[in-house]
Structures are given as structure tokens and as C-alpha cells.
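Reader: I have a chain to go through, and I want each label justified. Show me first, then we can argue over the terms.

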Amino acid sequence: MRVLGVDPGLTRCGLGVVDSLPGRRVRLVAVGLARSDPALGVDQRLLVIAETIDEWLERHAPDTVAVERVFAQHNMHTVTGTAQVAGIAMLAAARRRIPVAAHTPSEVKAAVTGTGAAHKAQVQTMVARLLDLPERPRPADAADALALAICHLWRPAGALGAPQREPGALTAAQRTWAAAEQAARRRPTPRPPARPAPRRTP
């Protein structure tokens with residue numbers, strides 16, 4: 001499976017493509033940035049980023065696009081641009097009928113580092129280690145895009161954008177539990193030993 005991770009940003013939009021390998025391993029395909037000039041109008045900046053994302057989708061043909069879920073922050077100007085870029089990435093994928101998944105920053109950090117409170121440097125270090133890179137990917141936007149792709153590849157079944165099970169189907173753990181319950185029902189319940197009758201005093 002191939003995933004394009006998108007870390008949305010109006011000035012720098014991180015892009016990272018990762019393939020899944022057997023044994024819960026991952027391989028780097030490509031990493032980079034979609035940049036826009038702050039001197040341009042917002043419409044032109046969005047157009048530049050949209051064209052770059054289109055190029056990456058055509059070149060790498062991902063099976064899924066994973067985008068960071070945007071949350072309101074103190075700087076509303078920044079979060080507005082971030083949300084706009086996230087929407088562009090989702091629209092570009094939808095036009096090609098590519099599934100889209102959204103992951104929160106804490107989900108991504110937990111997936112690659114084991115803790116949702118990890119710092120940027122920790123994410124970069126773990127991404128380099130997981131992808132067997134000679135150095136940490138820079139800037140942080142590029143590393144975050146790769147982390148998004150890895151997070152999606154390692155997501156639990158039933159997560160947003162994950163392949164869904166058929167209705168009523170059980171997971172492997174649920175099947176094991178159900179089999180154990182059935183075996184317990186079939187096993188005869190041992191009867192307690194009979195108590196000896198009390199002796200009568202003559």
C-alpha cells in the first residue's frame with residue numbers, strides 16, 4: 001500500500017510518500033515541499049500548492065492520501081491558510097477517487113514515537129529511523145508528512161480511512177475470544193462430590 005502524507009501549510013506544505021512492506025516495515029518513496037510566495041495573493045498561493053499536489057498524485061499514484069486534521073489555534077490567520085490547503089489536498093484526491101484519511105497531530109506522534117506529546121525533533125528522529133534514512137528529514141513539515149503516511153499505514157482497523165470489515169465480521173481477537181467461550185460452554189461442568197450422609201446417634 002502506498003500513502004501520500006500531506007502536512008498542510010500555506011507557505012510550506014509538507015509532502016511525503018511511503019510504501020508499506022511486510023513485517024510492519026515502511027519504505028521512503030519521495031519527500032518534499034509545496035511552497036508558495038507570501039508576496040502573492042491567497043488565491044495564487046493556493047493555486048501553486050494545488051498544482052504541486054496534483055503533480056505528486058499523478059507521479060506517485062498513492063492508494064490513500066493522509067492529511068493532518070486541522071484544529072483552531074490562537075493564530076486564526078495561520079489556521080485558516082492551513083485549513084484551506086488541507087481542503088485542496090482532499091479535493092485533489094477526491095477528483096481521482098483516492099480515499100482520504102485525517103489524523104490528529106497527537107495520533108501521528110503516538111504512532112511513530114509512542115507518545116502523543118513528542119517534540120518535532122523526536123518525530124524527525126523516529127521517522128529517519130523507521131525509514132532507514134541517513135539523517136533526519138528537514139524541514140519539520142517534510143518529516144511531519146512522512147509521519148502522517150506512516151501513521152496511516154499503521155492505523156488500527158476501523159480507523160478513519162482504514163479498510164472496513166464486513167458488517168458483523170469479527171476481528172482476530174474477537175474470534176479467539178468467541179472460540180474460547182464456545183469451548184467453555186461445551187466442556188461439562190464438574191459436579192461437586194456427594195457429601196456422606198450424617199451418622200445417626202443410637
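Author: Start with the elements. Helices and strands here are DSSP runs: at least four residues of H or I for a helix, at least two of E for a strand, numbered from the N terminus. R24 lies in the loop between β2 and β3. This is a predicted model.

Reader: What makes R24 worth a look in its backbone?

Author: Its phi is positive, about 55 degrees. Yet R24 is not a glycine.

Reader: Why is R24 called exposed?

Author: Exposed means over 50% relative accessible area. R24 has 55%, so it counts as exposed.

Reader: Where is R97, and what is its phi?

Author: R97 sits in the loop between α2 and β5. Its phi is positive too, about 60 degrees, although R97 is not a glycine. Its relative accessibility is 78%. The cut-off is over 50%, so R97 is exposed.

Reader: What does the turn between β2 and β3 contain?

Author: Three residues separate the two strands of this hairpin. G23 in the turn has a positive phi of about 75 degrees.

Reader: How do you know that β2 and β3 pair?

Author: Pairing takes at least two bridges between the strands. Ten bridges join β2 to β3, so they pair. The two run antiparallel. In this pair, L15 stands opposite G32 of β3.

Reader: And what joins β4 to β5?

Author: Four bridges, in the parallel sense. At least two are needed, so this is a pair as well. V67 stands opposite A102 in β5.

Reader: What is the strand order of the sheet?

Author: β3-β2-β1-β4-β5, with mixed pairing. The sheet is open and has five strands. Its twist averages 20 degrees from one strand to the next.

Reader: What makes a strand an edge strand here?

Author: Pairing on one side only. That holds for β3 and for β5, residues 100–103.

Reader: Which helices lie on this sheet?

Author: Among them are α1 and α5. α1 lies across β1, β2, β3 and β4. Its direction runs at about 155 degrees to β3. Over 145 degrees counts as roughly antiparallel, so α1 and β3 earn that label. α5 touches β1, β2, β3, β4 and β5, and makes about 35 degrees with β2.

Reader: Why are α3 and α5 described by the label they carry?

Author: Their axes cross at roughly 75 degrees and come within 9 Å. The range from 65 to 115 degrees is roughly perpendicular. Therefore α3 and α5 are roughly perpendicular to each other.

Reader: Which residues make that contact?

Author: E107, V108, A111 and V112 come from α3. A147, L148, I150 and C151 come from α5. By class there are seven nonpolar, no polar and one charged residues. Glu counts as charged, so the charged one is E107.

Reader: What makes a group of residues a nonpolar core?

Author: Members are buried nonpolar residues joined through side-chain atoms within 4.5 Å. The largest such core has 23 residues. L4, V6, L15, I53 and V65 touch the most other members. β1, β2, β3, α1, β4 and α2 each give two or more residues to this core. A second core lies apart from it, with 18 residues, among them A66, A118, L148 and W154.

Reader: What does V6 touch, beyond its neighbours in sequence?

Author: Its contacts are C13, G14, L15, V65, A66, V67, E68, A89 and L148. Neighbours within four places are left aside.

Reader: Is L130 buried or exposed, or in between?

Author: In between. Its relative accessible area is 25%. Buried needs under 20% and exposed over 50%, so L130 is partly exposed. L130 belongs to helix α4, residues 120–130. It touches V26, V112, I150 and W154, not counting residues up to four places away.

Reader: How far is L130 from L28?

Author: 102 residues in sequence, but 9.4 Å in space, C-alpha to C-alpha.

Reader: How do you know that the R138–P139 peptide bond is cis?

Author: Omega is about -5 degrees for that bond. P139 is in the loop between α4 and α5.

Reader: How many helices and strands does the whole chain have?

Author: Six helices and five strands. Of its 202 residues, 37% count as buried.

Technical notes:
Residues numbered from 1 in each chain as written. Predicted model: local features only at pLDDT ≥ 70, side-chain atom pairs only at ≥ 80, totals over all residues. Heavy atoms only, no water. Buried < 20%, exposed > 50% of the residue type's maximum accessible area, 1.4 Å probe, protein only. Contact = heavy atoms within 4.5 Å. Axes fitted to C-alpha atoms, helices over the stretch in contact; angles between N-to-C directions. Parallel < 35°, antiparallel > 145°, perpendicular 65-115°, else oblique.
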